[in-house]
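Here's a walk through the fold, one sheet at a time. Keep the structure open beside you as you read.

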Amino acid sequence: MLRNELEQQLNQLLKPEQIKDFCPNGLQIQGSNDIKKVITGVTASKALIDQAIAHQVDALVVHHGFFWKNESYVIRGMKHDRIKALLENNINLFAYHLPLDIHPELGNNAQLAKLLGIETTGPLELGNPLSVAVQGQLADEVSGEALSARITETLNRQCLHIPPPSNKPIRTVAWCTGGGQGYIDLAAEQGIDAFITGEASEQTTHVAHEMDIHFFAAGHHATERYGAKALAAYLAEHTDLSVEFIDINNPV
């Protein structure tokens, strides 16, 4: 497959033009024009790039790429080493940030819901079909402790659970993978029982306690492994490419 054909296929699938993002989506670093082997992963870290080099791939497709809004323009240090390795080995870097969060089937939110047994009912930002945070419900009421144990076991990562004073049972859930802790306020305002994301902030505890909502943080990386994994499976099924998802462990 030619490089531009892969980019067109990824863009048609993930539709990056639909949402305003904090980084460019699509081809970020140009490499070989002919693509046969692809690796997908969460972040274009040096460790993942080293795996791409070892596997002699032609393209790397990630959720977290380069060139973030408000970061320095200079290419030095860590960024230099990453980009140099890609260029020297003629490896294309494709990155899809929010488009890979919100895709209704392959996205991080959709995949996390599938894993945890949550039925998606709509966007958390009412009236916005492209809301980065979504809401849904469990098949049956569960305790906060039971949901925390489910998340911990499913993601193989100890989940942080901040229960409200009422410790009420949970049926309705809102979630946003990665660093979506700021959406807890919106979830609480809508009377949702629990909010799940990857990270926590200092103020998150106070919101959970004062607005009567369970909060769960299961790790930015751990909650965002599954979009890239699903994308690898999709590409393997729908193209002639050799595609593999590689998970570089990250405790955060």
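Two strands pair if DSSP finds at least two bridges between them. With that in hand, look at β1 and β4 (residues 92-95): 3 bridges join these strands, and the pairing is antiparallel. One spot to click on is G26, which stands opposite A95 in β4. Bear in mind that this is a predicted model.

**The five-stranded sheet**

Those two strands belong to an open sheet of 5 strands, ordered β1-β4-β3-β2-β11, with mixed pairing. At the edges you'll find β1 (26-29) and β11 (242-245); each has a single partner strand, so one side of each is left without a neighbour in the sheet. On average, neighbouring strands here are turned by 30° against each other, ignoring direction.

Two helices lie across this sheet. Helix α2 (residues 46-54) lies across β2 (37-43) and β3 (59-64), and runs at about 170° to β2. Helix α10 lies across β2, β3 and β11, at about 165° to β11.

α10 (residues 225-238) also has a helix partner: its axis and that of α1 (residues 3-14) come within 13 Å and cross at roughly 120°. That angle makes α1 oblique to α10. The crossing of α1 past α10 is right-handed. Where do the side of α1 and the side of α10 meet? From α1 come L6, Q9, L10 and L13, and from α10 come L231, Y234, L235 and H238.

**The six-stranded sheet**

Now for the other sheet. This one is open too, has 6 strands and mixed pairing, and follows the order β5-β6-β8-β9-β10-β7. Its edge strands are β5 (118-123) and β7 (160-162), and each of them pairs on one side only. The twist from one strand to the next averages 25°.

Within this sheet, β8 (residues 170-176) and β9 (residues 194-197) run parallel and are joined by 4 bridges. C176, for instance, has T197 in β9 as its bridge partner. Helix α5 (residues 108-116) packs on the sheet and touches β5, β6 (134-142), β8 and β9, with its direction at about 150° to that of β8.

How much of α5 is buried? The helix is mostly covered, with 7 of its 9 residues buried. They are N108, N109, A110, Q111, L112, A113 and L116. Just after α5 comes G117, which takes a positive phi of about 75°.

Here are the helix angles side by side:

| Helix | Set against | Angle |
|---|---|---|
| α2 | β2 | about 170° |
| α10 | β11 | about 165° |
| α5 | β8 | about 150° |
| α1 | α10 | roughly 120° |

**A glutamine in a loop**

One last stop is Q181, in the loop between β8 and α7 (184-189). Is Q181 buried or exposed? Its relative accessible area is 12%, and because buried means under 20%, Q181 counts as buried. Setting aside neighbours within four places in sequence, Q181 is in contact with F195, T197, E199, A200, S201, T204 and F215. T197 is the residue we met above as the bridge partner of C176. With S201, the link is a polar contact between the two side chains, at 2.9 Å.

Key: Residues numbered from 1 in each chain as written. Predicted model: local features only at pLDDT ≥ 70, side-chain atom pairs only at ≥ 80, totals over all residues. Heavy atoms only, no water. Axes fitted to C-alpha atoms, helices over the stretch in contact; angles between N-to-C directions. Contact = heavy atoms within 4.5 Å. Buried < 20%, exposed > 50% of the residue type's maximum accessible area, 1.4 Å probe, protein only. Polar contact = N/O pair within 3.5 Å; in protein donor to acceptor, adjacent residues only side chain to side chain. Parallel < 35°, antiparallel > 145°, perpendicular 65-115°, else oblique. Left-handed = near helix turned anticlockwise from the far one by under 90°.
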